[in-house]
Amino acid sequence: METILNIGVIGLGRIGQIHLSALKALKNINITAVSDTSPELARKTAEKNRIPKFYTDYHNVLHQQDIDAVWICSPTSYHMAQVREALENNKYVFCEKPLDKDRTKIQSLINSYPDLSRRLMIGFNRRFDPDFAAAKASIKKIGKPTIIKITSRDPFPPSTEYSRLSGGIYNDMSIHDLDMACFISESDAEQVIAIGSKNYTKDTDTTLITIKFKNGIICNIDNSRKASYGYDQRLEILGDKGMISVENKRVNHLCYYSENSMESSVFEPFFLERYKESYIEEAKAFITSIKEKKEFPSTAEDALKASVLANACEQSLEKQKLIFL
Ligand SMILES: NC(=O)c1ccc[n+]([C@@H]2O[C@H](COP(=O)([O-])OP(=O)(O)OC[C@H]3O[C@@H](n4cnc5c(N)ncnc54)[C@H](O)[C@@H]3O)[C@@H](O)[C@H]2O)c1
């Protein structure tokens, strides 16, 4: 008989709700407790999803004996403390990106737990997007990769409250793309330059990043906190024998043609819709890794690589310099 895994979810905002839906679609798991600092949200979420226990204090989830694994979906500033406490309580942990804004804290966590890659998975969900995963799997077809271009633009800027706890554009938003650059290039970065501007908020909300990897691949990342036409997520990989591209997903495939123009549907509105499948695949990968006692496919080491790059971007922006790693 298959073992049933008991799961607790901490943080029930935008991403917490997405993960709950993804987890509910899986077999052999029970969601036994949820927690959010908002009592209303915790209660409503538990009632809607028939989850037996709900708390406003996340410590209760981390100390609940029958919970095997916790999903940390709280604001970024709480991740590291909650991860450490969960590990101390012998839980498997899934933690949303970024693990922490401070790379020294990530390094210290890695140093504290020799078996961390089997106990902590990081939510770099784009690795599990079927199109991006297929792009990575097809790289051999294009020979030696030379350029990676990543476009990632949100439809609208986040709330001031979200921004305050998010760690800034490089740790909050670009971190996905920095991880994707490492994932696709399979190399370590040696040079980074970032330029940015403030068009919509008080923080940097528009940026271009260029990274040179040790294996010669050059990556360009284009991030904007606003794209009036929808969520813009594209990937292009140039190789000496061809090119791979992943285009935006549209709401539907209808096209309307007239004498003077052509109209097609808009892009998927935001991450919930665009990356829906990736969250399910990511949850499956978490459960499979636990059951098969193997390393998670996105680890604290990956979080560290992305964090080092995010930090280099901040330094580059501040000093207006190319940063050598
Ligand atoms: N992988 C992705 O695609 C993706 C997308 C969005 C957000 N995220 C990440 O997920 C995290 C949460 O983002 P969000 O958009 O869901 O934010 P959000 O503001 O929508 O939700 C956060 C929730 O956590 C609750 N909360 C606050 N402090 C808490 C605490 N100490 N313990 C438990 N709950 C607490 C809040 O009440 C809120 O309901 C962030 O780290 C963000 O970077 C990842």
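**Figure 1. Polar side-chain contacts to the ligand in the predicted model.** In the side chain of histidine 79, an N or O atom is 3.2 Å from an oxygen atom of the ligand. Another oxygen contact involves arginine 14, which places a polar side-chain atom 2.8 Å from an oxygen atom of the ligand. Asparagine 125 faces a nitrogen atom of the ligand instead, with a polar side-chain atom at 3.1 Å. The ligand has 27 residues around it, and those that come nearest are Arg14, Asp36, Thr76, Lys97 and Tyr279.

**Figure 2. The cis peptide bond between lysine 97 and proline 98.** The omega angle of this bond is about -15°. Proline 98 belongs to the loop that runs between β5 (92-96) and α5. Lysine 97, on the other side of the bond, is also listed with the residues that come nearest to the ligand. Most peptide bonds are trans.

**Figure 3. Backbone of arginine 50, a residue with positive phi.** Phi is near 50° at arginine 50, which is not a glycine. The residue sits in the loop between α2 (39-48) and β3 (53-55). For residues other than glycine, phi is mostly negative.

**Figure 4. Packing of helix α4 against helix α5.** Helix α4 covers residues 79-88, and its axis comes within 12 Å of the axis of α5. The two axes cross at roughly 5°, so α4 is roughly parallel to α5. On the α4 side the contact is made by Met80, Val83, Arg84 and Leu87, and on the α5 side by Lys105, Ile106, Ser108, Leu109 and Ser112. By residue class, this contact divides into 5 nonpolar, 2 polar and 2 charged.

**Figure 5. Packing of helix α5 against helix α11.** Here α5 (residues 103-112) and α11 (residues 300-319) have axes 9 Å apart and an angle of about 160° between them. The pair is therefore roughly antiparallel, and the crossing is left-handed. From α5, Arg103, Ile106, Gln107 and Ile110 take part; they meet Ala300, Glu301, Ala303, Leu304, Ser307, Val308 and Asn311 of α11. The residues of this contact comprise 6 nonpolar, 3 polar and 2 charged. Ile106 of α5 appears in the contact with α11 and also in the contact with α4.

**Figure 6. Packing of helix α1 against helix α10.** The axes of α1 (residues 14-24) and α10 (residues 276-291) are 9 Å apart, and the helices pack at an angle of about 65°. Their crossing is right-handed. Ile15, Ile18, His19, Ala22 and Leu23 of α1 make the contact with Tyr279, Ile280, Glu282 and Ala283 of α10. These residues divide into 7 nonpolar, 1 polar and 1 charged. Tyr279, part of this helix contact, is also one of the residues that come nearest to the ligand.

Key. Residues are numbered from 1 along each chain as its sequence is written. This is a predicted model: local features need pLDDT of at least 70, side-chain atom pairs count only at pLDDT 80 or more; totals for chains, interfaces and linings use all residues. Side-chain values use heavy atoms; hydrogens and water are left out. Axes are lines fitted to C-alpha atoms, for helices over the stretch in contact, and angles run from 0 to 180 degrees between N-to-C directions. Helices (H or I, at least four residues) and strands (E, at least two) are DSSP runs, numbered from the N terminus. Angles under 35 degrees count as roughly parallel, over 145 as roughly antiparallel, 65 to 115 as roughly perpendicular and the rest as oblique. A crossing is left-handed if the near helix is turned anticlockwise from the far one by less than a right angle, and right-handed if clockwise. Contact means heavy atoms within 4.5 Å. Ala, Val, Leu, Ile, Met, Phe, Trp, Tyr, Cys and Pro count as nonpolar, Asp, Glu, Lys and Arg as charged, and the others, Gly among them, as polar. A residue is near a molecule or strand if one of its heavy atoms lies within 4 Å of it. A polar contact is a pair of N or O atoms within 3.5 Å; within protein, one must be able to donate a hydrogen and the other to accept it, and residues adjacent in sequence count only if both atoms are side-chain atoms.
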